[in-house]
Amino acid sequence: MNKSDLENEPRTAWLTVVGIGDDGFAGLGRAARRALLAAHTIYGGARHLAMLPRRIGAQREAWPSPFSIEPVLARRGSPVCVVASGDPMLFGVGATLARAVPAGEINVIPYPSSISFAAARLGWALHEVSLVSLVGRPLPALQPALHDGARVLVLSAGCSTPAELATWLTAQGYGPSRMTVFEHLGGERERCVHNSARAWNAPDVAALNLVAIECRAGREAMRLPVTPGLPDEAYLHDGQLTKHDVRALTLSRLAPVPGELLWDVGAGCGSIGIEWMRAHPTCRAIAIESHAERQRFIRHNRDALGVPGLQLIERRAPEALRGLDTPDAVFIGGGLTVPGVLETCWDRLRGGGRLVANAVTVQGEAVLAAWRESHGGALTRISLAEAQPLGRFDTWRSVLPITMLVANKAEQA
């Protein structure tokens, strides 16, 4: 059953999602208790179901493994409750269910989240804090939030997360950062532990924990800007790198928008796809690269720069493009002269999407010029020079000029 099927049916609120805290049933309000008492079936994790008193007579069902909401959707029409931690709409099952069930059929009763409790304990304004979940995500997902003076709240994956996080922060040059680990927030067993990342030595941490970080950058930390055009030294590469000035111009033409997908064709070390994804947490990118050593660079760079979700296709275009999701934008940094690459990218680009291609060779430039003649678009020559020593003086040394094609595909009727 999918959401479109549900939307064609009459809409009555049959599903209630109840947020529950570490204080269990006793901490719930009247509306949440009433919904649980009226339910025919209650779904939740084993820990949450165990918090419910015996007087609740509903059938209790633990989530299946692997996780699926299909059992809930199959009971549409009868009163069903789901119990979940804190605010179910914050990285929770409530958000998953809301994408599958029309708004008129679902009622969410939130409880204060662990994020709210932590901010209250620390005196932090929530709107000034970065929130990162490491549940099912690798540690490098935290990297974009690391800035000197930043405050970050991290949802832990388990008891080992704080120690792993402390080690990782120190390796990133953020060893002086102050970490506060909260356990069982809002419950009788609430506890907190403080220390710097560098000196972290609290091995016994409860599985249910949250980490607050006051970021302090050490001298060795690489301080990365939030704008496109990261320093070239931020990347591991073999020279196949779109240099930072050209990269900034290229990304401005690609114009990333939240939720959009980029194909980075002939990705080299992955810099364009990486900075596309750094533009917004919901931006997605697929890097297509056939060179084995550069594939290794991409894997390293995507983790080091905080976008572990960058997808890598280890094949040669245009064959590698078959079956990929339709892109909203395409960048071609390599392989322009390979027959079919430019044509396939253009054909697969969605209506209203953008294509940007850069050429440094005469042959590549000829391909772009011919393409513009038949399909339109704008050609731009980018020529940069840097001041370098010449004896006792300085002179301008030009870098290789870049020819850039920018083409916008018409919206399809």
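Here, a residue counts as buried when its relative accessible area is under 20%. Keep that cut-off in mind as you move through this predicted model.

**Stop one: helix α11.** Select residues 341–348 to bring up α11, then colour its buried residues: Val 341, Leu 342, Cys 345 and Trp 346. Now turn the view to look down the axis of α11; these buried residues fall within an arc of 125°, so they line one face of the helix. What do the buried residues of α11 pack against? Add β11 (261–265), β14 (329–332), β15 (354–359), α12 (362–375) and β19 (402–408) to your selection, and you have their packing partners.

**Stop two: the cysteines.** Stay on α11 for a moment and pick Cys 345, which is buried with a relative accessible area of 0%. Its closest cysteine sulfur belongs to Cys 269, 19 Å away, and that is too far for a bond. Next, jump to Cys 215, also buried, at 0% relative accessibility. From the sulfur of Cys 215, the closest cysteine sulfur is in Cys 192, at 18 Å, again too far for a bond. How many disulfides are there when the cysteine sulfur atoms must lie within 2.5 Å? The count comes to 0.

**Stop three: the open sheet.** Select strands β1 to β5, which form an open sheet with parallel pairing, in the order β3-β2-β4-β1-β5. At its edges you will find β3 (59–62) and β5 (106–109), each pairing on one side only. The twist from one strand to the next averages 20°. To finish, zoom in on β2 (residues 41–44) and β4 (residues 80–85), parallel strands joined by 3 bridges. Click Ile 42, then look across to its bridge partner in β4, Cys 81.

Key
Residues are numbered from 1 along each chain as its sequence is written. This is a predicted model: local features need pLDDT of at least 70, side-chain atom pairs count only at pLDDT 80 or more; totals for chains, interfaces and linings use all residues. Side-chain values use heavy atoms; hydrogens and water are left out. Two strands pair if DSSP finds at least two bridges between them. Helices (H or I, at least four residues) and strands (E, at least two) are DSSP runs, numbered from the N terminus. Axes are lines fitted to C-alpha atoms, for helices over the stretch in contact, and angles run from 0 to 180 degrees between N-to-C directions. Buried means under 20% relative accessible area, exposed over 50%, partly exposed in between (1.4 Å probe, protein chains only). The arc is that of the directions from the helix axis to the C-beta atoms. Contact means heavy atoms within 4.5 Å. A disulfide is a pair of cysteine sulfur atoms within 2.5 Å.
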